[in-house]
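Thank you all for coming. I would like to take you through a few pieces of architecture this morning, so please have the sequence and the structure open while I talk.

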There are 2 protein chains.
Amino acid sequence: MDYIQQLKEWLGSERVTTNPTVLEHHSHDESYHTPHLPDVVVFPQSAQEVSEIMKLANEQHIAVTPFGLGSSLEGHAIPYQGGISLDFSLMNQILEVRPQDFLVRVQPGVTRTQLNKELKKHGLFFSVDPGADATVGGMAATNASGTTSVRYGVMRDQVRDLEVVLADGRIIHTGSMTAKSSSGYHLTGLFVGSEGTLGAFTELTLRVYGIPEATMASRACFPTVQDAVDTVVDILSAGVPVARIELVDERSIRQVNAYKETSYPEYPTLFIEFHGSEQGLAHDIDFAQSIAGEHGCTEFLFETDSKARAQLWDVRHNMAYAFIHKSPGKKMMVTDVCLPFSELAGAVVDAREAIDRSGLDGAILGHVGDGNYHVILMIDLDNPDEIARAEALNAHLVEYALSRGGTCTGEHGVGVGKAKYQRIEHGEALDVMQSLKQALDPKGILNPGKIFGA
Amino acid sequence: MDYIQQLKEWLGSERVTTNPTVLEHHSHDESYHTPHLPDVVVFPQSAQEVSEIMKLANEQHIAVTPFGLGSSLEGHAIPYQGGISLDFSLMNQILEVRPQDFLVRVQPGVTRTQLNKELKKHGLFFSVDPGADATVGGMAATNASGTTSVRYGVMRDQVRDLEVVLADGRIIHTGSMTAKSSSGYHLTGLFVGSEGTLGAFTELTLRVYGIPEATMASRACFPTVQDAVDTVVDILSAGVPVARIELVDERSIRQVNAYKETSYPEYPTLFIEFHGSEQGLAHDIDFAQSIAGEHGCTEFLFETDSKARAQLWDVRHNMAYAFIHKSPGKKMMVTDVCLPFSELAGAVVDAREAIDRSGLDGAILGHVGDGNYHVILMIDLDNPDEIARAEALNAHLVEYALSRGGTCTGEHGVGVGKAKYQRIEHGEALDVMQSLKQALDPKGILNPGKIFGA
């Protein structure tokens, strides 16, 4: 292919490669979705280079799929039409920390832990924690969130400005360094979550936060999932500054106990983390405990010491491992619906029944402050019946959520896995999204097949 | 005009009017921008009606300008091409309060105080407070904010879902009832702040909050504006839950003293409001006071009682009145730039110097937790020299902000007043905005002349 030769001559064969191992590495993400090889992997070092690559690809109708670390969960980074996998690992510089502005300017290949290590020197931290040590570019592309969004918001809330290279090679900035703006259309919000289908990010200006004076963690057990969720609603209603609220159902705790040989109480359990000042937190925790008590809480433990905190959250952290460990050779499939709070308890109970009916083994964990929960399933990709049952379960959970004002994906994004639910969820709004896509990428070279399907 | 007759026959002459008084009322907003009459004012009662009106207008290339209460400040609601002024005052129902979900579903003509009156029954409140008793539809159209956004965010952060009627009459929903979603493009964020140029809102689902257990207000005086801003940065950095932080410069306080015959200390002053639990706040205020002390704060008063609180905020509330009162027959012009925090103190000092140089009288007040400040000028619209000086001052403040990573409008929106700064602020991103506009409103019937200029 001519364009690969052209790129090699221009950028050198180290940064433009068709090495089979490298191609294979860029053929999949962490999901169960079928891999597909790119034709070439290109490692740009600047927005200008990305722009030139894009112009070439656009002229020659070559598909371009941005690639961060491949930690996406719905096949976002899989280049189903081959073409160029655009790997941002060489663009991983932290360009500027502005402590007074609570801002940091970074390249897209910077990872979450890399960023937090640097920010710590300034008494700051970056709040979004999706679990994986993803790149900030990838996190912006999928509008990632995770455990802390109940307090600090999702990825979209942190992005103040993006430098974006469009399909035709134009380089634009979508925002500014200000906390707010009413100037023109909100392009930042549009590009965040666009999954590489509208442009490639080459720089991000992100909001960061002061490291809280004190952090406390607690674990609280409840008779029913409904009691746990009701507690969360009351805590949020009172404005208690909780930074994380995670729900794990009793069956999942039983599985951790079996795996870790522990004896955690096998009840629906909330894991809560509080950020604030030391004195303020003492009061907040008292208050949260009294609310939990009103909803039948049978055990409420809390810790400030970081080691004891980690122990308290041990169940939550070990849940995925407990499942992976007992399922060697299987691949993880994670569901990701989100509902209004009032529908969450019912959804979690229904999900547990649906898992049981399916005959599959599944853990349930929820970012319950957001109404978002996951079912973690381990499936054997060589067993079509198991795949079919897992997909049917996923479809059931999505339909349940959509019929109750929910969404088919709270934080993982659409990729290829949720493309089939887009029409049901968005109706004619999907046509509007397609018009926007058509306006900005008329040849359809940018991450084709994602969001809108093949 | 045929279409007016058509509309009258269909909707009746009470809801389709060319009455001169009604036309005049819809020819202006609260700004100094030149009025222009619509050809007709139409009062729809449902999304279906808006859809039919839109189809008719689109077929016949008639301009459609949505109208809430006309409280916009940059000419947003002025129908410069005549046509239809689409008045939403008959669509003012609160459709559903969902306390467990912290959500409310409303029609666009609902006003802020109307909404809060209803929410109070449920122990909830709607956070955005732009000063004027605007409609929620108008607030969403301009991405309004105001004093509380430092804690609760701007209008865009509150909107979960919009029902939008597009230029061709299609009715779409942009979001869902969930706290977060990664499903498809973020249309909600795109439509919020689009100033009626992409569609008309016929229903909004908004996030609301629990009324805090306790509210405290404080007033703190500082030797310099820089000291006041540094205090704000330190307070925010520590994560103290401040709900409002307003800055008033010394000259503005002098003017209030003259108007109200009061003797408030004539120093740069911060007005701070804290929301939280009673015990938590006591600690937070101590903490804020000690931070202020480190920055030379000479007077730090606080009050919990609502009457005393109101008195404490008296200066802040009376500022606009103090200026209006002493300028009978003049019209208010309010600037609205926003900067990164680190640039705010310099900008406010520069603004005061620029006001003095201009020979105009101006108050400065800032939503300093957001980096957003306003200069309130009273100008004589019959005096071209005064208008020219005010516009030159406005241009100076915008250029200062744009050259330092800021934006030309923090919360008022572009309308016609800030259209001339869009290219400077957005560069090629403005072309992207125009592509989106073209994709959704190819005939340009929706609020023509706004954002992109004539």
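**Sheet and helices**

Let me begin in chain B, where helix α4, residues 112-120, lies across β5, β6 (103-106) and β10 of chain B and runs at about 40 degrees to β5(B). Before going further I should say that this is a predicted model, and everything I describe should be heard with that in mind.

The strands under that helix belong to an open sheet of five strands in chain B, in the order β5-β6-β10-β8-β9, and the pairing is antiparallel. The edges are taken by β5 (94-98) and β9 (171-173) of chain B, each of which has a single partner strand, so one side of each is left without a neighbour in the sheet. Averaged over the sheet, and ignoring direction, neighbouring strands are turned by 10 degrees against each other.

Within this sheet, β8(B), residues 159-165, and β10(B), residues 200-207, form an antiparallel pair over six bridges, and if you look along that pair you will find Glu163(B) opposite Glu203(B), the latter in β10(B). A further helix, α3 of chain B, residues 47-59, packs on the sheet as well, touching β8, β9 and β10 of chain B, and its direction makes about 45 degrees with that of β8(B).

Let me now move to chain A and to a pair of helices. Here α9(A), residues 225-237, and α14(A), residues 341-358, pack at an angle of about 160 degrees, their axes being 9 Å apart. Since angles over 145 degrees count as roughly antiparallel, that makes α9(A) roughly antiparallel to α14(A). The crossing of α9(A) and α14(A) is right-handed.

Which residues make this contact? From α9(A) they are Val225(A), Gln226(A), Val229(A), Val233(A) and Leu236(A), and from α14(A) they are Phe341(A), Leu344(A), Ala345(A), Val348(A) and Val349(A). By class, the residues in the contact of α9(A) with α14(A) divide into nine nonpolar, one polar and no charged.

Turning to chain B for the corresponding elements, α9(B), residues 225-237, packs with α14(B), residues 341-358, at about 160 degrees, with the axes 9 Å apart, and the two helices are therefore roughly antiparallel to each other. The crossing of α9(B) and α14(B) is right-handed, and the residues of their contact come out as nine nonpolar, one polar and no charged.

My last stop is back in chain A, at strand β18(A), residues 362-367, which is mostly covered, six of its six residues being buried. In a regular strand the side chains alternate between the two faces of the sheet. In β18(A), Gly362(A), Ile364(A) and Gly366(A) point one way, while Ala363(A), Leu365(A) and His367(A) point the other way, and all are buried.

What does β18(A) pair with? One partner is β13(A), residues 242-248, in the antiparallel sense and over three bridges, and there Leu247(A) stands opposite Gly366(A) of β18(A). Another is β19(A), residues 372-379, which runs antiparallel to β18(A) and is joined to it by six bridges, with Leu377(A) in β19(A) as the bridge partner of Gly362(A). The hairpin of β18(A) and β19(A) has four residues between the strands, and in this hairpin Gly371(A) takes a positive phi near 75 degrees.

Conventions:
Residues numbered from 1 in each chain as written. Chains lettered and ligands numbered in written order. Predicted model: local features only at pLDDT ≥ 70, side-chain atom pairs only at ≥ 80, totals over all residues. Heavy atoms only, no water. Pairing = 2+ DSSP bridges. Axes fitted to C-alpha atoms, helices over the stretch in contact; angles between N-to-C directions. Contact = heavy atoms within 4.5 Å. Parallel < 35°, antiparallel > 145°, perpendicular 65-115°, else oblique. Left-handed = near helix turned anticlockwise from the far one by under 90°. Nonpolar A, V, L, I, M, F, W, Y, C, P; charged D, E, K, R; others polar. Buried < 20%, exposed > 50% of the residue type's maximum accessible area, 1.4 Å probe, protein only.
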